[in-house]
Amino acid sequence: MAYSSEDQHPLKKVSTNSEIVELLKDDMKGEHAAIIQYLQHSYKLGEAAGEVTSEIEGIARDEMRHFRWLGELVVELGGDPTMQRDPIFLDGPSATDLLALDVDAEQRAIDQYRAHIEAIDHPKVKLYLNRILMDELFHQGRFKEFIEELGGDPEKEVAGSNTGPWNHDPNPPAHDLELSKKGEMEPADMQREDRDDHPLVSVLNARIKDEYETVLIYLHQAFVSQNASQRNHLISDRAVWHMTHMGTLSEAVAGMEGNPEMELDFSQPFLSKSPTGAKAFNDWAAQREAGFAENSHRLIQQAGDADEELEADLKRMLGHDKFQAEQFKLAED
């Protein structure tokens with residue numbers, strides 16, 4: 001018997017495309033949440049966690065691949081891919097607390113995928129979900145290893161049942177996992193009063209939000225586009241570069257003791273900002289990229305000599321923005 005990870009009621013068998021699409025869209029929301037939660041945790045752990053941070057970013061890339069597969073399956077079955085996401089959980093008193101939230105998130109994903117695999121009567125969809133489930137089981141094991149590497153207890157459960165991105169409680173109960181035994185690891189306290197006081201944090205966060213929105217708009221267009229060239233370039237080049245920009249800026253904000261704001265108002269139809277036809281979309285995107293170039297130029301001036309590394313990153317982003325604006329202008333209709 002299949003069970004929903006949210007309400008523990010039996011999931012009925014589903015075979016119609018519309019029913020399967022609804023389950024896949026639930027999975028997309030979870031993958032979307034996992035991507036953002038894992039990226040945020042990697043930025044907050046920072047260099048003190050060593051190679052763990054880059055490995056977490058690698059797991060986030062796996063979740064991006066899952067998100068793409070699910071979106072493409074939704075379109076194949078006649079649905080419209082969702083760009084909504086489940087709640088994310090960013091804060092904890094220690095590094096191992098953050099990673100315990102990720103272990104919990106993976107368990108909820110595992111439960112949900114197992115339930116959906118049992119409920120869905122569609123060979124291709126089941127093939128992909130089983131492949132994703134294999135990754136989630138591996139990810140959970142890796143997060144437990146990370147906790148152990150940082151001096152925590154990988155088997156100690158997060159207190160309470162309402163934690164992790166596969167549910168609807170964005171404020172989980174307080175819990176008390178062991179603090180890292182590594183002296184150089186500072187507690188991951190995201191509620192300090194001195195946060196976000198660097199003069200660049202607010203302007204960088206505004207750009208982070210724009211980058212995030214652009215990633216989602218480009219991915220949605222890629223999923224639904226009937227133009228193969230546009231679809232492939234949007235995913236392989238343009239959305240990926242904006243995700244890279246978002247990560248670069250988020251790392252800079254975290255380095256300024258700020259909180260990277262990967263938040264959007266998902267109640268608003270932000271996808272409607274762009275047209276869907278290939279020619280109209282490319283024209284719109286070219287203007288958006290030109291706007292990014294102007295913004296990058298202003299950010300370079302604001303960064304000044306205060307942060308040479310950030311200035312270099314922004315100059316590289318400026319070059320990307322100009323290149324992508326020209327790419328869209330030259331793109332096939």
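R85 is buried at 14% relative accessible area (buried is under 20%, exposed over 50%, partly exposed in between; 1.4 Å probe, protein chains only). The model is predicted, so local features need pLDDT of at least 70 and side-chain atom pairs 80 or more, while totals for chains, interfaces and linings use all residues. Numbering runs from 1 along each chain as its sequence is written, and side-chain values use heavy atoms, without hydrogens or water.

**Exercise 1. Find the salt-bridge partner of R85 and say which parts of the chain the pair links.**

Step 1. Look for the acid: E263 pairs with R85, and their closest N and O atoms are 2.8 Å apart (a salt bridge is a Lys or Arg side-chain nitrogen within 4 Å of an Asp or Glu carboxyl oxygen).
Step 2. Place both ends: R85 sits in the loop between α2 and α3, E263 in the loop between α6 and α7, and 178 residues separate them (helices are DSSP runs of H or I, at least four residues, and strands are E runs, at least two, numbered from the N terminus).
Step 3. Check burial: R85 is buried, but E263 has 35% relative accessibility, so E263 counts as partly exposed.

**Exercise 2. Are E261 and K209 buried or partly exposed, and what about E213 and R288?**

Step 1. Start with E261 and K209, a salt bridge whose closest N and O atoms lie 3.4 Å apart. This pair ties the loop between α6 and α7, home of E261, to helix α5, which holds K209, 52 residues away.
Step 2. Read off accessibility: E261 has 30% and K209 has 32%, so E261 counts as partly exposed, and so does K209.
Step 3. Now take E213 and R288, bridged with 2.8 Å between the closest N and O atoms. Here helix α5, with E213, is joined to helix α7, with R288, across 75 residues.
Step 4. E213 comes out at 7%, so E213 is buried; R288, at 18%, is buried too.
Step 5. For the wider tally, there are 19 salt bridges.

**Exercise 3. Describe the largest nonpolar core: how many residues does it have, and which helix gives the most?**

Step 1. Count its members: the core has 89 residues, and L24, L129, L204 and Y218 have the most contacts inside it (a core joins buried Ala, Val, Leu, Ile, Met, Phe, Trp, Tyr and Cys through side-chain atoms within 4.5 Å).
Step 2. See who contributes: among the elements giving two or more residues are α1 (17-45), α4 (123-149) and α5 (201-224). The most come from α1, with 13 residues.
Step 3. Zoom in on L129: leaving out residues up to four places away in sequence, L129 touches L24, D27, L70, Y113, H116, I117 and I120 (contact is heavy atoms within 4.5 Å).

**Exercise 4. Which residues of α8 are buried, and what covers them?**

Step 1. List the buried residues: L310, E311, L314, M317, L318, H320, D321, Q324, A325, Q327 and F328.
Step 2. Look at what lies over them: the cover includes α5, α6 and α7.
Step 3. Follow F328 into an aromatic cluster: F328 joins Y218, F281 and W284 there (Phe, Tyr and Trp rings, with the six-membered ring for Trp, pair if their centres lie within 6.5 Å; planes under 30 degrees apart are stacked, over 60 edge-to-face, the rest tilted).
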